[in-house]
Amino acid sequence: MTGMALLGLGVAAVAVLLVLVIWVRMPAFVALLLVAVLTAAASGIPLTDAVQSVTKGVGGTLGNVAIVVGLGAMLGKIIEESGGAESIARYFTGKLGPKKVAAAVTIAAFILGIPVFFDVGFIILAPIIFGFASAARLNPLKIGLPVAATMLTVHVVVPPHPGPVAVAELLNEDVGLLLTISLPIAAVTALIGFLIAKRFNLDHVVRGESPAETDEARVFPNPPSPWLVMGLILLPILIIMVGTTGTMVTAEGTALHTFVKFFGAAPIALLIAVIVAWIAVGHQQSWDRDHSAGILDSALPAVAVIIFVTGAGGGFANVLVESGIGTVLSDLLISSGLPLILMGFLMSAALRASQGSATVALLTTAGLLAQPIADAGLSPIEATLIMVAIGFGGLGLSHINDSGFWIVTKYMGLTVKQGLKYWTTLSTIFGVVGFLLTWGIYALV
């Protein structure tokens, strides 16, 4: 096929994927695999190799993603089941006082959002949000909206969440470097976004019933101390950061370099954190071994769908590369002069708005831009900043085709119109702010 024909095939493949997900309501896992196989066959890849091309991409992506996402989910589950979320929220509320309860719960949400998925974390915090809002005589929206936007920010750019981990895997970049760069950018984004959210006029908003307002928060008779919870969350982050930094400053081939690289690998860091949490929290909660093991095992079914979708996205991405579509797109982008970081953000945002899933938006964008990014000869830091920009593209424009939109509006008691006005707007503001920060840093390096 000619270059333009391949490019047209790539556009058609994405269009078909959107149709299958949006209108046909086909599960994303099935849709991605189907489109990947059809694209491989249509591009001229021999039929005998088409399936192999897809399975190669699936296997290559899942190799690291499944371990990191699975261990991250286990760490989050231990914190969830022990009452760690409420412990952190109450700690920061006590430190900052009732007048700053919105800031306190948002800080707790940022920390909790590192190992806990967005939807799970927000549902856990929802009753706490209403409890603190009632005590401080605040409209719950003043706490709930920035909390949700903050947790979603962490979810789309910070490992061990599946989207950013999969993007790093697809682009053959270091997850540790992504964590080191994305975490402070996400923190600054959350701070700026929170200050903007404070300017929203929410006192006049009339809300409907909320399940979180009627349901009481779970009672935990012996929750872990906030310091233990924060220590467990920060432990793998510090290990990964030490490993990333140590790899850069030690001479390659030395025993120290080898040890630091091994110790700081994301799977090893998270494995250490899970074992420490299993022992420390299990002892503090007086859980027996069977109960502790059951909690860890219960974390895996919840992430199975996400892991499978991530793998299918890797299969589609590999087809885009092996078919030559990525090379054609690379040549086109280079000749157009449009910055890759801007292209990554815009493509991810467009896919997010059109089909709803941030993870699918990130995976598809990374697959399309894998070859252009490889051909651009970027430094690891530049490539990592583009990954962060792709993540922020998947943050905004949360609306009615996004499951997260319904979780936020349902638990905050908002109508669809109110959700579009406040939640969609705020999530988009967070995404744009994060991208501008990332682009500014990219310009400096």
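Which residues form a nonpolar patch on the surface? Select Leu256, Phe259, Phe262 and Phe263 to see the patch, which has about 420 Å² of accessible area together. Keep in mind as you look around that this is a predicted model. One member of the patch, Phe262, lies in helix α12, which covers residues 255-263.

**Along helix α11**

Next, select residues 226-249 to bring up helix α11. Its 24 residues reach 34 Å from the first C-alpha to the last, close to the 34 Å expected at 1.5 Å a residue. Now zoom in on Leu234, where α11 has a kink of about 30°. The proline Pro236 comes shortly after that kink.

While you are here, colour the buried residues of α11, including Pro226, Val229, Met230, Leu232 and Ile233. Pro236 is also one of the buried residues, and further along you will find Ile240, Gly243 and Thr244 among them. As you look down the helix, remember that an α-helix has 3.6 residues a turn, so residues three or four places apart point the same way.

**From Ser43 to Leu47**

Move on to Ser43, in the loop between α2 (28-42) and α3 (47-82). Is Ser43 buried or exposed? Ser43 counts as buried because its relative accessibility is 9%, and the cut-off for buried is under 20%. Show its side chain and you can follow a contact to the backbone oxygen of Ala40 at 2.8 Å.

Then step to Leu47, which is found in helix α3. With 68% relative accessibility, Leu47 counts as exposed. Add Val37 to your selection: the two are 10 residues apart in sequence, and their C-alpha atoms are 9.0 Å apart in space.

**Three stops for backbone geometry**

Before these stops, a reminder: most residues other than glycine have a negative phi, and most peptide bonds are trans.

- Select Pro159 and Pro160 and look at the peptide bond from one to the other: this bond is cis, with omega near 15°. Pro160 is found in the loop between α7 (141-157) and α8 (162-170).
- Go next to Asn172, in the loop between α8 and α9 (175-197). Asn172 is not a glycine, although its phi is positive at about 55°. At 68% relative accessibility, Asn172 counts as exposed.
- Finish at Leu397, in the loop between α18 (380-393) and α19 (403-412). Here too phi is positive in a residue other than glycine, with a value near 60°. Leu397 counts as partly exposed, at 32% relative accessibility.

Conventions
Residues are numbered from 1 along each chain as its sequence is written. This is a predicted model: local features need pLDDT of at least 70, side-chain atom pairs count only at pLDDT 80 or more; totals for chains, interfaces and linings use all residues. Side-chain values use heavy atoms; hydrogens and water are left out. Patches are made of residues with over 30% relative accessible area and no salt bridge: like charges are joined within 9 Å, nonpolar side chains (Val, Leu, Ile, Met, Phe, Trp, Tyr) within 5 Å. Accessible areas come from the Shrake-Rupley method with a 1.4 Å probe; for residues, only the protein chains shown count as cover. A salt bridge is a side-chain nitrogen of Lys or Arg within 4 Å of a carboxyl oxygen of Asp or Glu. Helices (H or I, at least four residues) and strands (E, at least two) are DSSP runs, numbered from the N terminus. The expected span of a helix is 1.5 Å times one less than its number of residues. The bend at a residue is the angle between axes fitted to the seven residues ending there and the seven starting there. Buried means under 20% relative accessible area, exposed over 50%, partly exposed in between (1.4 Å probe, protein chains only). A polar contact is a pair of N or O atoms within 3.5 Å; within protein, one must be able to donate a hydrogen and the other to accept it, and residues adjacent in sequence count only if both atoms are side-chain atoms.
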